[in-house]
Amino acid sequence: MTASTPSVRTIRSLGGEGADVRGLGSTPSTSPERRHSVNVDGARTTCRTMRVMHQAEDARARWLSSPWLIVVVLVAVYAPSLAGDWIAYDDDWLVRDNPLLNRADPDVLWAIVAGLDRDTRLVLGAEYLPVRDLVTWLARGWLGLDALGFRVLCLGFYAGACALLLRWARTLGRDGFVHATWLFALHPVHAESVAWIAGLKDVLALAFLAGALALHGERSPLRRGGVLVCVFLACGAKGVAVVAPALLAVADLLRGRPQDRPLLLASTVVCAAWAALHAWIGGVVGMFAEPLGGGVIERVASVAVLLLRYVGLSCLASRESVVYEVGPHGLDLAAIGALSVWVGLVGASVWAWRRGQRWPAALLLWFLASLGPVSQLLAPLQNRMADRYLLTAVWAPCAALGLGLESALASTKPAWRRVVLGACGAALGVLSAGRGLLFTDPVALYTEATERTETDARAPLLLADELFLRQRYAEAEDVYRVTLARDQLRTDRSARAGNGLARLLAASSREDEAIALYEQLVARYPEDPRLLHNLAILEQRQGRLEEARRHREELATRFPDYRPSSPTEH
């Protein structure tokens, strides 16, 4: 053995009994058992890391899907609108001064539920809405709620409805529907229903419809009964809730499950009975107006344009208003364009359905079905368009946008998704808060309605009355003249506007103009004792004693029970 060759003993002393004799610089071998252990430990570490990441993502998703969060956000958005008072747009006569609903008398309950005669229905808003009237009666007649209390009540029902919708949206299996519900809840088109006391029927119906959808998404054995109860109450809160079976059918389409035919049949029977009752009451009180358009073609074209306006309103392409002017359309450019859009949307939905995508057709059905009762096609209503008519329909465009955001943001980082979704929600929240504030200032509300219409006489009349009360007489005079120019002595609004204008003329030493106006009004509205009384007063002041005496005798003969609020002016 040479000196350069190590002995076996030396090698063993360096590496131990089981040392590798392939070389001192080689790496010790790893046994199969040890390699398996290392792999298992690494996999466990990776799984723990992924689990933590998924838990964090799920926590953020649960945070966005929290019903409590949406309630808090909506309260914050609409809190400024709680400072408002009663609005002359139906808040006064329907709630504040209602002779039935302000009485803490059990007999009122019979009138609410069984009073189907015309006089009772007119006192209760010319509709048969016993659920709305019962809630109003309990809140006003028994609890004595003021304007603040009713505004809180409306906001509470709306926030609760959105929380239930969010719970239902989580059962649909896609984040886009959760995003859609947030967009729906913060959409400014709902401000009219939330910040307007007379909009209590809207939020009540929405709450019960949301409850029906939430129960429909559960697997409880009592689900069907609960859904039917909610549908029944929704129809008793607002007539348009009769579309509930269509919404339940769409809910099943979005979830990809078979239709619950017994539930659909039962809910259809309930809603059909309510629809018949609403239609009958509408005929009794004269709720229906002339059809929108004469012939069938003109009517279909007009409805197509109207529905497209609702699409624009849903997409914020047009501004909200408490009053809209809707006219008939023939086969003009607007109608042809609208019909082309609807044909394109139906064709795209059918194409998507054949490719296995059901949600476009489902959302289109949701939108059109929700607007069916107020589309002027089935029943021509006096109020042809309103923000509140989008009560449930606007969820469909919001869902389309929510699904689009889900697809567009799928490959982005979670932080960027939160930024985009937060920005959308914040923008809508600001718009809704501003819209809600409008219902706290009658002058601003009526001014907007006056500026956005050309023929409507109600908005300028209310604006002029409000300016008169605030002693802004010069502005009130101008707006009274606008009212008379729009109404042209066609309705009683001209009598109110003319009386207000004549009072302003008399107060500014223009008695001759005031007398001439009163003579015109008395000739047009001979059954209004207030006009005759005020005319006699001005004639007395001007020294026209014989004419004043004759008009006083006529007043006493024709209206023996008339008592003016003031002996000198009414």
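In the predicted model, leucine 172 is buried, its relative accessible area being 7%. This value falls below the 20% limit under which a residue counts as buried. Leucine 172 sits in the loop that joins helix 8 (147-170) to helix 9 (175-185). Leaving aside residues up to four places away in sequence, leucine 172 makes contact with Phe177, Ala251, Leu254, Arg255 and Trp395. Glycine 256 is separated from leucine 172 by 84 residues in sequence, while the C-alpha atoms of the two lie 8.7 Å apart.

Helix 25 comprises 13 residues, 529-541. Its first and last C-alpha atoms are 19 Å apart, close to the 18 Å expected at 1.5 Å a residue. Of the 13 residues in helix 25, 11 are buried, so the helix is largely enclosed by the rest of the structure. The buried residues are Pro529, Arg530, Leu531, Leu532, His533, Asn534, Leu535, Ala536, Ile537, Leu538 and Glu539. Charged side chains are thus represented in this set by Arg530 and Glu539. The packing partners of the buried residues of helix 25 are helix 23 (492-507), helix 24 (511-524) and helix 26 (545-558).

At the surface, Leu109, Val113, Leu134, Leu138, Trp142 and Leu143 form a nonpolar patch of about 550 Å². Two or more residues of the patch come from each of helix 5 (107-114) and helix 7 (130-142). The greatest contribution is that of helix 7, which supplies three residues. Leucine 134, one of the patch residues, belongs to helix 7. With a relative accessibility of 31%, leucine 134 is classed as partly exposed, whereas leucine 172 is buried at 7%.

Confidence varies along the chain. The mean pLDDT of the protein is 88, and 88% of the residues score at least 70. Helix 11 (residues 200-216) has the highest confidence, at 97, and helix 1 (residues 8-15) the lowest, at a mean of 38. The pLDDT is below 50 over residues 1-29, a stretch with eight contacts in the model beyond near neighbours in sequence. Residues 45-59 also remain under 50 in pLDDT. For residues 45-59, the model contains three contacts beyond four places in sequence.

Technical notes:
Residues are numbered from 1 along each chain as its sequence is written. This is a predicted model: local features need pLDDT of at least 70, side-chain atom pairs count only at pLDDT 80 or more; totals for chains, interfaces and linings use all residues. Side-chain values use heavy atoms; hydrogens and water are left out. pLDDT is the predictor's confidence in each residue, from 0 to 100. Helices (H or I, at least four residues) and strands (E, at least two) are DSSP runs, numbered from the N terminus. Contact means heavy atoms within 4.5 Å. Patches are made of residues with over 30% relative accessible area and no salt bridge: like charges are joined within 9 Å, nonpolar side chains (Val, Leu, Ile, Met, Phe, Trp, Tyr) within 5 Å. Accessible areas come from the Shrake-Rupley method with a 1.4 Å probe; for residues, only the protein chains shown count as cover. A salt bridge is a side-chain nitrogen of Lys or Arg within 4 Å of a carboxyl oxygen of Asp or Glu. Buried means under 20% relative accessible area, exposed over 50%, partly exposed in between (1.4 Å probe, protein chains only). The expected span of a helix is 1.5 Å times one less than its number of residues.
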